[in-house]
Amino acid sequence: MPTGDLNPNLRPLRVLVIEDYEEDAILLLRHLARAGYDVDSRRIETADELRAALDEPAPWDLALADYTLPSFGARDALSIIQKRGADIPFIIVSGTIDEVSAVSAMRAGAHDYVLKGHIDRLLPAIERELADAERRHERVRTEAELRLAQRRFSATFNQAAVGMAHTAPDGRFILVNQRLAECLNASLDELLTMRLRAFLMPEEDAIDEELYAELLAGKRSGYRVERTIVCSDGSTLPAQLTVSMLVHDGDIPGVPTTTVLWVVEDISARKVAEQETADLMQRLINSERLAAAGRMANTLAHEINNPLEALTNIFFLLQDQPLTPQAQELLAIGARELERVGHITRSTLSFYRKVPGRTLNLRAMLDEVVQLFATRAAQHHVTLHTRYAPGIESVHYDPSLRQVFANLVANALEAMSTAGGQVHIRARVLADTVSVLIADNGHGIDAANLACVFEPFFTTKGERGTGLGLWVTRGMVEEQRGRLQLRSSTGHDRHGTAIRITLPVVSAPAADPIIS
Ligand code: ADP
Ligand code: MG
């Protein structure tokens, strides 16, 4: 059989009844039960009983108090409840209360009063006060939640390790956290008069102009970009910006309806690390290539040395044979080239050790290179033009430098189309430097390849190339404390490559030059 407790329609109600007549209390409770309340009550006759009841963990929903008890009245009860800070609807139910006392009790904080003779007024009063109390409790809860949310937000915002700001859509700062103020090197007060964009490098505005416009138009919820921050002292900082937008639903006077949220992360450490990793990778790649080059050079040197010895002997023996003057001359060039090969193998592909005392004048060196390539040039319809300013005969260098010019002329010839072309070789002495220009009107070097052509093994010639020519060339020039400059164009009308080598003039030619 169902009991009253289990009736789901009964509303639970914890009531303090401050009443010394038990019968009156029972009457009141019955009245409540009939109205559909599932009542849990304490009858209170003394201050101590009231305090004990208030100590119970479950809160009380309602207090009904007789006005005049012998030792303990409604006013005493009210003040005890108020001192506890408990917000319990307090209704005086009395047979005797006069209007003046009632008004003064209400002023003291009682919520209503009902005369025992008009008990029918009690239920509506209770209903109203319970609803009011519920609203009050709800507001207290909401306010507490709001305060907590504010505290949480402010702690997160201000203690965050990243910079954060709220701005109006036009970039005016609304809120700035400590970290961002430090990062921008400006005070919080100063910032509130400024716009965030004043701290972004204007040259980079194109990076996120469109994204920002899309954000404001509601076409995207946020975006992330890398931008450079210019701090108030002029220093710059690479940063990652995460930008999103908050649209307020309510209209708050003086507050824009949209707020832009910015998270600004200083990524300088990350940038440095990225660069270091890239450099390390490059060094690894280069050292691997260098090691390969070294190994290859060693093997080659070893393999070439034996047949080379034999060839050198054959050349030597040939010189004693009856030959035409032209053959003799060719033989001499051949012998010198052979010596060059020997030199290369001996010093391997790493940079050439100098042989003290043996030098070659620049003019002779360039002439030999031209002679060496003359036949090949003619076959490919390429004209080699030379223009030497006076004085280059008196500048002497280590003979190994021939290799530099040979590599450059070889590249120039290889850059020509089948229709042929022109190669200009010019040399002049300027005060204490020598300048040699080797320029061709070949196909030129693609801009994308410019950065790589000096790397070992970089070639665009497939099987035909070694990719070592320019690498060796630059190494040798730098070894002589010289400089190499490259210009190249792949335009339709103007194309070609010009390499200028500038070398310091060695003041006095070393003794005993092999050709002078
Ligand atoms: P290789 O000649 O074996 O390819 P190099 O180190 O001499 O190696 O040259 C590297 C690359 O640089 C070439 O493959 C070519 O793409 C480019 N290059 C060098 N010199 C010229 C030039 N005069 N004209 C056009 N491209 C050139
Ligand atoms: Mg080459």
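Biologist: How many bridges join strand β1 to β2, and do the two strands run parallel or antiparallel?

Modeller: Strand pairing is read from the bridges between two strands. In this predicted model, β1 (residues 11–18) is joined to β2 by 8 bridges, and the two strands run parallel. One such pair links arginine 11 to its bridge partner in β2, tyrosine 37. Between the two strands the chain passes through helix α1 (residues 22–34), and this β-α-β crossover from β1 to β2 is right-handed.

Biologist: Where is isoleucine 44 placed, and is isoleucine 44 buried or exposed?

Modeller: Isoleucine 44 belongs to strand β2, which spans residues 37–44. Burial is judged from relative accessible area, and a residue is called buried when that value is under 20%. Isoleucine 44 has a relative accessible area of 1%, and is therefore buried. One may also consider how sequence separation relates to distance in space: isoleucine 44 and phenylalanine 72 lie 28 residues apart along the chain, while their C-alpha atoms are separated by 9.3 Å.

Biologist: Turning to another strand, how many residues of β4 are buried?

Modeller: For a strand, one can count its buried residues and then ask on which face each of them lies. Strand β4 covers residues 90–94, and 5 of its 5 residues are buried. Both faces are covered: Phe90, Ile92 and Ser94 lie on one side, with Ile91 and Val93 on the other.

Biologist: Which strands pair with β4, and in which sense?

Modeller: Each pairing is again read from its bridges. Strand β3 (residues 62–65) runs parallel to β4 and is joined to it by 3 bridges; within this pair, alanine 63 stands opposite phenylalanine 90. Strand β5 (residues 112–115) also pairs with β4 in the parallel sense, over 4 bridges. Here isoleucine 92 has tyrosine 113 of β5 as its bridge partner. The path from β4 to β5 leads through helix α4 (residues 99–108), forming a right-handed β-α-β crossover.

Biologist: How many residues surround ligand 1, and which are the closest?

Modeller: A ligand site may be described first by its shell of residues. The shell around ligand 1 holds 20 residues, the closest being Thr459, Thr460, Lys461, Thr466 and Leu470. By class, this shell comprises 7 nonpolar, 10 polar and 3 charged residues.

Biologist: Which side chains place a polar atom at a short listed distance from ligand 1, and what are the distances?

Modeller: The next step is to examine individual atom pairs. An oxygen atom of ligand 1 lies 2.5 Å from a side-chain N or O atom of threonine 459. A nitrogen atom of the ligand is 2.9 Å from a polar side-chain atom of aspartate 440, and for threonine 497 the distance from a side-chain N or O atom to a ligand nitrogen is 3.3 Å. On its own, ligand 1 has 530 Å² of accessible area, of which the protein covers 95%.

Biologist: Which elements give two or more residues to the shell around ligand 1?

Modeller: A shell can also be sorted by secondary structure. The elements concerned are α12 (402–414) and α13 (469–479). Helix α12 provides the largest share of the shell, 3 residues.

Biologist: Why is threonine 473 classed as it is, buried or exposed?

Modeller: The same cut-off of under 20% applies here. Threonine 473 has a relative accessible area of 0%, so it is buried. This residue is placed in helix α13, and its side chain makes a polar contact of 3.1 Å with the side chain of asparagine 407.

Key:
Residues are numbered from 1 along each chain as its sequence is written. Chains are lettered from A and ligands numbered from 1 in the order in which they are written. This is a predicted model: local features need pLDDT of at least 70, side-chain atom pairs count only at pLDDT 80 or more; totals for chains, interfaces and linings use all residues. Side-chain values use heavy atoms; hydrogens and water are left out. Buried means under 20% relative accessible area, exposed over 50%, partly exposed in between (1.4 Å probe, protein chains only). Two strands pair if DSSP finds at least two bridges between them. A crossover is right-handed if, with the strands pointing away from the viewer, the path from the first strand over the helix to the second runs clockwise. A residue is near a molecule or strand if one of its heavy atoms lies within 4 Å of it. A polar contact is a pair of N or O atoms within 3.5 Å; within protein, one must be able to donate a hydrogen and the other to accept it, and residues adjacent in sequence count only if both atoms are side-chain atoms. Accessible areas come from the Shrake-Rupley method with a 1.4 Å probe; for residues, only the protein chains shown count as cover. Ala, Val, Leu, Ile, Met, Phe, Trp, Tyr, Cys and Pro count as nonpolar, Asp, Glu, Lys and Arg as charged, and the others, Gly among them, as polar.
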